[in-house]
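Trainee: Could you pull up the model so we can go through what the labels rest on?

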Amino acid sequence: MTFSSTFDPRATRELLERSARASGGAVMAAAQRRAPSFEEAAALLSPAAGDRLEDLAQLAHGATIERFGNTMALYAPLYLSNECVCTCTYCGFSMGLPVKRRTLRPDEVMREARTLSERGIRNILLVSAEHPKHVNAGYVALCVREVKLAASYVGLEIAAAEEDDYRRYVEAGCDGVVLYQETYDPQAYASYHLGGPKKKYAWRLDAPQRASRAGVPHLGIGALLGLADWRFEALALAQHARWLARHCWRSQVNVSLPRVNHAEGGFEPAHRVSDRDFVHFLLFLRLVLPEAGITLSTRETPHMRDRLAPLGVTQMSAGSSTEPGGYGEPGSAGEQFELEDHRSPREVAQRLRELGFDPVFKDWDQSIAPVAPAAPAPSQGSAVAGD
Ligand code: SF4
């Protein structure tokens, strides 16, 4: 069984429509349940829930402290390549855009990793555009093996891969795979992904399961906010996370909520998400997925990140660059999108301490407990996947 074979976008939409009329009482009842069913959870996305964000924030903060304490893991992306054979309309690396292209040699990758290590970052996410020739499984495995010499945690955010390739990455030392579905709406997905291997919606949707089967310990999933209705993305993402927690229980699940930023190509999101709705999205994730880590990137402003940190976030990027070679040779290649938080890792850590957090530079496992408790019990008869 795969998630793509059980996920039903139409049932998800119908559930949202029904829950739009939820009362304030239903909202607070769902928020106080430890593991609400999706019927109940959908109420947390209703307009009535939007009127109770302060109450939800208090509950989300309490749930975060109870499960994760005050730790905040810090990581940085290391871009391997911006050469891409895909056309994704929202991305600054999309094929054909006039950006400087570059794939780092393994020695250049190591130089970037050492630069990050000198800045205190030991949790590194290797990121790459999709180019089967330049960024093949052998190259990726080599990069993981090398970077593991300078980092205690190495994750991958690259093209969706075959199970055997994920196995190679695990053997090389890969600790985690991050793979955003971008949008869970299949029609919207088709409208944004116009060419290249990333066009395959179901292949991408089932990649975290293949990674888990191959032994990847941590899975990161998410939706790129701005591509479709955020409430639909929230409910779909929660279904995906719970499905993985149940069927891929050897791996820990982390969720992310990246928002579309300005990128080369001038993409304008059709479903721009306001700051208030973004907070609402985060609170929903924390209350419905109390065991999941939540990642917040430098796509958000320092002010926004400081405000969101206590509401459920467990991991943040810091001191990031989104171009290959961007730490040692900034400007040598095009960037994927513009960042909003330009503080150094040291400045981010200092601010987190002022806010009462204990920033952790080395090991994701310090913010995500080693063994996730069992997934929430399913409710009977729901048409919504994972519920
Ligand atoms: S989103 Fe990924 S696959 Fe699509 S154009 Fe950008 S780098 Fe390439």
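Trainee: What makes the radius of gyration of the protein chain agree with that of a compact globule?

Mentor: It's a comparison with a rule: the radius is taken over C-alpha atoms, and the globule value is 2.2 Å times the number of residues to the power 0.38. For 387 residues that gives a radius near 21 Å, and the protein chain has 19 Å, so the two agree. The C-alpha trace spans about 60 × 45 × 40 Å along its principal axes. Keep in mind that this is a predicted model, where local features need pLDDT of at least 70 and side-chain atom pairs count only at pLDDT 80 or more, while totals for chains, interfaces and linings use all residues. Residue numbers start from 1 along each chain as its sequence is written.

Trainee: How many helices and strands does the protein chain have?

Mentor: There are 16 helices and 11 strands, counted as DSSP runs (H or I, at least four residues, for helices; E, at least two, for strands) and numbered from the N terminus.

Trainee: Why are H13 and H14 called roughly parallel?

Mentor: Look at the angle between N-to-C directions, which runs from 0 to 180 degrees, with axes fitted to C-alpha atoms over the stretch in contact. Under 35 degrees counts as roughly parallel, over 145 as roughly antiparallel, 65 to 115 as roughly perpendicular and the rest as oblique. H13 (residues 230-247) and H14 (residues 275-288) cross at roughly 20 degrees, their axes coming within 10 Å, so they are roughly parallel to each other.

Trainee: Which residues of H13 and H14 meet?

Mentor: Trp230, Ala234 and Ala238 of H13 meet Asp277, Phe281, Phe284, Leu285 and Val288 of H14; contact means C-beta atoms, placed from the backbone, within 7 Å. By class that contact has seven nonpolar, no polar and one charged residues. Ala, Val, Leu, Ile, Met, Phe, Trp, Tyr, Cys and Pro count as nonpolar, Asp, Glu, Lys and Arg as charged, and the others, Gly among them, as polar.

Trainee: And what makes H6 oblique to H14?

Mentor: H6 (residues 53-68) crosses H14 at roughly 45 degrees, with the axes within 9 Å. That angle makes H6 oblique to H14. The contact includes Leu56 and Ala60 of H6 and Leu283 and Leu287 of H14, and it divides into nine nonpolar, two polar and one charged residues.

Trainee: Which residues are around the ligand?

Mentor: Cys84, Cys86, Cys88, Cys91, Phe93, Ser94, Ala129, Glu130 and Lys198, picked because the C-beta atom, placed from the backbone, lies within 6 Å. This shell has six nonpolar, one polar and two charged residues.

Conventions. Contact = placed C-beta atoms within 7 Å.
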